[in-house]
Amino acid sequence: MLTYTTIMADSETLECVTEHERILQEIESTDTACVGPTLRSVYDDQPYAHKRFMEKLDARIRNHDREIEKMCNFHHQGFVDAITELLKVRADAEKLMGQVTDTNRRLQEAGKEVTARTEEVVCCRLQQRNMATTVERLQLCLPVLEMYSKLKEQLQTKRYYAALKTMEQLENVYIPRVGQYRFCQIMAENLPRLRDQIKEISMSDLKDFLESIRKHSDKVGEAAMKQAQQHRTFNSAVARQGSAGPYSRPLFTLNGRGREALNGQALDDMVEEEEEVLTAQDLVDFSPVYRCLHIYTILGDRETFENYYRKQRKKQARLVLQPQASMHETVEGYRRYFNQIVGFFVVEDHILHATQGLVTRAFTEELWNMALSKIIAVLRTHSSYCDDPDLVLELKNLIVIFADTLQGYGFPVNRLFDLLFEIRDQYNETLLKKWSLVFREIFELDNYSPIPVETEEEYKLVVSRFPFHDAEIEKDFPKKLPMSQSVPQIYTQVKEFIYASLKFSESLHRSSTEIDDMLRKSTNLLLTRTLSGCLQNLIKKPHIGLTELVQIIINTTHLEQACRYLEDFITNITTVSPEAVHTTRLYGLSTFKDARHAAEGEIYTKLNQKIDEFIQLADYEWCMAESDGRASGYLMDLINFLRSTFQVFTHLPGKVAQTACMSACKHLSTSLLQMLMDSELKQISMGAVQQFNLDVIQCELFASSEPVPGFQGDTLQLAFIDLRQLLDLFMVWDWSTYLADYGQPTSKYLRVNPTTALALLEKMKDTSKKNNIFSQFRKNDRDKQKLIETVVKQLRSLVNGMSLHS
């Protein structure tokens with residue numbers, strides 16, 4: 001090829017190298033796949049260029065053929081020699097081939113066992129390699145399987161918090177290492193379902209817990225209140241023991257007995273008993289709450305759990321705050337109610353401090369404020385149904401323990417103590433009702449006669465119950481004390497009332513001054529309302545006679561004198577001086593004075609009624625010609641009754657007896673005058689007037705006999721002056737003097753009213769009817785008849801003048 005190129009180069013100069021030469025060079029030097037673009041350039045040139053190219057190509061082919069022929073000719077002899085040598089070797093080759101074949105046959109036969117063993121070795125090596133690979137893969141999978149097995153075990157043993165941690169390790173560490181395996185994919189797909197299952201189980205456990213604490217809240221509350229009560233008792237015992245001294249005053253109880261100071265052994269017993277009280281943690285398993293809270297926190301759903309818990313606890317709070325309809329009937333009903341509430345809030349307080357944010361202080365305060373309003377409304381309603389002071393007192397003690405318990409957990413309880421002041425008023429009302437029955441029973445059983453004392457011991461027994469001292473009575477026995485049995489009984493019951501009222505004031509965290517004020521106010525209510533009302537009702541009872549009324553007046557006098565001892569009694573209890581600025585005074589003085597005045601008024605009324613009863617027995621013969629010459633029987637009976645009655649009145653204090661005697665004489669005089677002036681009485685004879693005059697004379701003699709000492713002169717006789725002057729006017733028939741001196745201060749008949757005189761004269765003037773007293777006058781002395789008519793006219797003129805003047 002290079003020779004041909006050289007020849008062509010020689011025949012043509014370098015300047016005449018045509019495009020066809022270049023193309024041929026490219027065809028010879030390039031790869032067959034790239035010939036297409038080179039050949040396309042031949043046809044893209046001037047027309048007929050491809051013919052010239054074909055000519056060039058044919059020439060180039062012929063040139064190459066000549067070179068090939070030359071090369072074959074040059075190597076032909078060597079080829080012939082080689083063939084000859086090969087033919088010679090052919091026989092040896094065939095022989096060798098037979099030997100090789102035989103050797104191969106024998107080798108194959110000999111290697112069959114080796115081949116079999118080799119295949120076994122290969123198979124074993126393959127199995128060995130597979131086993132190594134399997135072990136390697138199993139070593140990667142075993143931790144995953146172990147963790148999953150551990151997860152299952154934790155789920156079975158309800159260790160859900162640890163199970164979630166195991167799931168987290170499986171997902172983040174173990175499963176990614178062998179995630180290409182199917183069982184790992186199944187595990188990964190199953191983990192979310194297990195999480196949901198744990199959530200459901202933990203929520204179910206929480207619901208069971210909520211239901212459990214709802215049922216056991218009363219036990220938790222009972223334990224907490226018992227602990228608070230023991231703590232308060234222990235503190236008060238220590239305080240009493242620390243303040244005890246030779247002059248210490250005993251604290252009074254309801255029955256009046258003092259409480260002994262506790263010794264060291266008693267205090268040790270209290271400490272041991274206090275240590276034995278179970279706490280909320282001992283009674284309630286809080287692990288479901290902690291577990292559920294941790295689970296929801298890990299799952300990133302803590303807010304849902306918190307909202308659910310708070311919502312359920314609010315519902316439970318409303319259920320706990322609903323009282324039973326019969327709660328007010330027994331103290332156990334109130335105790336169960338308080339135990340449930342305390343248990344609820346003790347649990348909430350524990351949750352508040354044991355968890356981080358499950359409940360907040362604001363949430364518990366909101367619950368407490370809602371509960372406190374409901375509790376106050378419930379207690380205010382149910383306590384209003386209670387009419388037993390002992391039950392109200394036990395309710396108060398429960399409220400105090402309830403308040404102290406919750407105050408120990410940080411809840412404000414001031415409103416509960418404010419409620420206690422309302423209940424205190426109700427307690428006082430129930431006490432007043434109870435003591436009203438006590439007073440009534442005392443009054444009903446009293447014999448209203450002085451207390452007989454046979455010996456000095458009996459006297460001391462009486463004065464030990466009632467502050468009474470009389471030097472004269474203390475000398476000789478037997479004697480009679482002026483008051484009746486009801487007086488020391490009333491005094492003792494007033495002290496018992498003060499004890500009972502004091503019981504409610506204890507543990508209210510109030511000062512001695514406030515307690516003193518409460519005791520005095522409640523005692524004032526007892527005296528001014530209850531005791532006063534019982535006395536007023538007693539005085540108004542129909543079966544209470546004059547003797548009983550006299551004894552009632554004496555009794556109230558002694559009770560009034562004993563009021564200052566009640567003042568000292570309260571002072572000794574509260575140690576508040578009665579001279580303090582804000583000390584309330586007892587109103588017993590006015591109470592007993594009012595009762596005494598009412599009894600006095602009732603004496604006057606009953607005495608007048610008795611007089612009226614005697615007056616109704618009067619049976620005058622108004623047309624009699626002459627008098628009987630002696631006083632009427634009814635009037636003598638009346639005077640004897642008044643004498644005996646006024647003898648009893650000598651024991652009355654002050655001027656009560658004098659006032660009663662004067663009132664009776666005035667009423668008797670008025671009743672006798674009304675008898676004469678009765679509109680149904682149409683005529684009266686002079687004999688009847690004379691008989692009536694005899695009765696009035698007996699009344700005047702009674703008045704002058706001083707039935708009650710203390711009257712000056714003829715003061716009592718003046719009660720009959722109106723009757724005396726009227727009767728004297730008719731008996732003497734002194735009309736000229738009456739008419740002449742009428743209106744003069746020195747008139748002999750100053751107390752005779754013209755209207756009264758005219759009315760009586762009219763009754764005596766009518767002669768037209770039978771038994772007319774003036775028939776004899778008319779026959780014997782017509783001038784006197786004319787005088788009567790003249791007097792009547794003048795009296796009428798006086799009456800008319802009085803009416804015009806008025």
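This passage describes the helices, buried residues and cavities of a predicted model.

The protein holds 28 helices and two strands. Of its 806 residues, 40% are buried. Contacts between residues at least 6 apart in sequence were also examined by separation. Among these, 78% join residues at least 24 apart.

Two helices were compared with their expected spans. Helix α17 covers residues 512-540, 29 residues in total. From first C-alpha to last, α17 reaches 40 Å. The expected value, at 1.5 Å a residue, is 42 Å, and the two are close. Helix α17 nevertheless has a kink of about 30°. The kink is centred on Ser-532.

Helix α23 spans residues 686-704 and contains 19 residues. At 1.5 Å a residue, α23 should span 27 Å. Its end C-alpha atoms are 26 Å apart, so the span agrees with expectation. Many positions along α23 can be named as buried. Towards the start of the numbering come Gly-687, Ala-688 and Val-689, which are among the buried residues. Gln-691, Phe-692, Asn-693, Asp-695 and Val-696 are also buried. So are Cys-699, Glu-700, Phe-702 and Ala-703. An α-helix has 3.6 residues a turn, so residues three or four places apart point the same way. The buried residues of α23 pack against four helices: α21 (633-648), α22 (656-676), α24 (721-732) and α26 (754-765). Just after α23, Glu-706 takes a positive phi of about 55°.

Positive phi values also appear elsewhere. Most residues other than glycine have a negative phi. Trp-733 is not a glycine, yet its phi is positive, at about 60°. Trp-733 sits in the loop between α24 and α25 (735-741). Tyr-448 likewise has a positive phi, near 55°, and is not a glycine. The loop that holds Tyr-448 runs between α14 (414-445) and β1 (451-453). Tyr-448 has a relative accessibility of 9% and therefore counts as buried.

Tyr-448 also takes part in lining a cavity. The model has five cavities of 30 Å³ or more. The largest holds about 60 Å³ of space. Its lining includes Phe-443, Tyr-448, Ser-486, Val-487 and Ile-490. Leu-535, Ile-552, Asn-555, Thr-556 and Leu-559 line the largest cavity too. Two elements give two or more residues to this lining, α16 (486-505) and α18 (546-561). Helix α18 gives the most, with four residues. By class, the lining has seven nonpolar residues and three polar ones. No charged residue is present in the lining.

Thr-556, one of the lining residues, belongs to helix α18. Its relative accessible area is 2%, which means that Thr-556 is buried, the limit being under 20%. Thr-556 and Val-487 lie 69 residues apart along the chain. Their C-alpha atoms are separated by 8.1 Å. Both residues line the largest cavity. Beyond its neighbours within four places in sequence, Thr-556 is in contact with Leu-535, Phe-592, Ala-595 and Arg-596. Of these contacts, Leu-535 is also named in the cavity lining.

Two further buried residues were followed. Ile-295 lies in helix α9, residues 287-298. Ile-295 has a relative accessible area of 0%, so Ile-295 is buried. Not counting residues up to four places away in sequence, Ile-295 touches Tyr-160, Tyr-161, Leu-164, Ile-198 and Ser-202. The separation between Ile-295 and Met-203 is 92 residues in sequence. In space, the same pair is 9.7 Å apart, C-alpha to C-alpha.

Trp-368 lies in helix α12, residues 361-383. Trp-368 counts as buried because its relative accessibility is 0%. Its contacts, leaving aside neighbours within four places in sequence, include Phe-345, Ile-375, Phe-402 and Leu-406. Phe-411, Pro-412, Val-413 and Leu-416 are also in contact with Trp-368. Pro-412 is 44 residues from Trp-368 along the chain. The C-alpha atoms of Trp-368 and Pro-412 are separated by 8.6 Å.

Definitions and conventions:
Residues are numbered from 1 along each chain as its sequence is written. This is a predicted model: local features need pLDDT of at least 70, side-chain atom pairs count only at pLDDT 80 or more; totals for chains, interfaces and linings use all residues. Side-chain values use heavy atoms; hydrogens and water are left out. On a 1 Å grid over the protein atoms alone, a cavity is a set of points where a 1.4 Å probe fits but cannot get out, and a pocket is an open set with protein on both sides within 12 Å along at least five of seven lines; lining residues have an atom within 4 Å of a point. Grid points are joined across faces, edges and corners, and a volume is the space filled by probe spheres set on the points. Ala, Val, Leu, Ile, Met, Phe, Trp, Tyr, Cys and Pro count as nonpolar, Asp, Glu, Lys and Arg as charged, and the others, Gly among them, as polar. The expected span of a helix is 1.5 Å times one less than its number of residues. The bend at a residue is the angle between axes fitted to the seven residues ending there and the seven starting there. Buried means under 20% relative accessible area, exposed over 50%, partly exposed in between (1.4 Å probe, protein chains only). Contact means heavy atoms within 4.5 Å.
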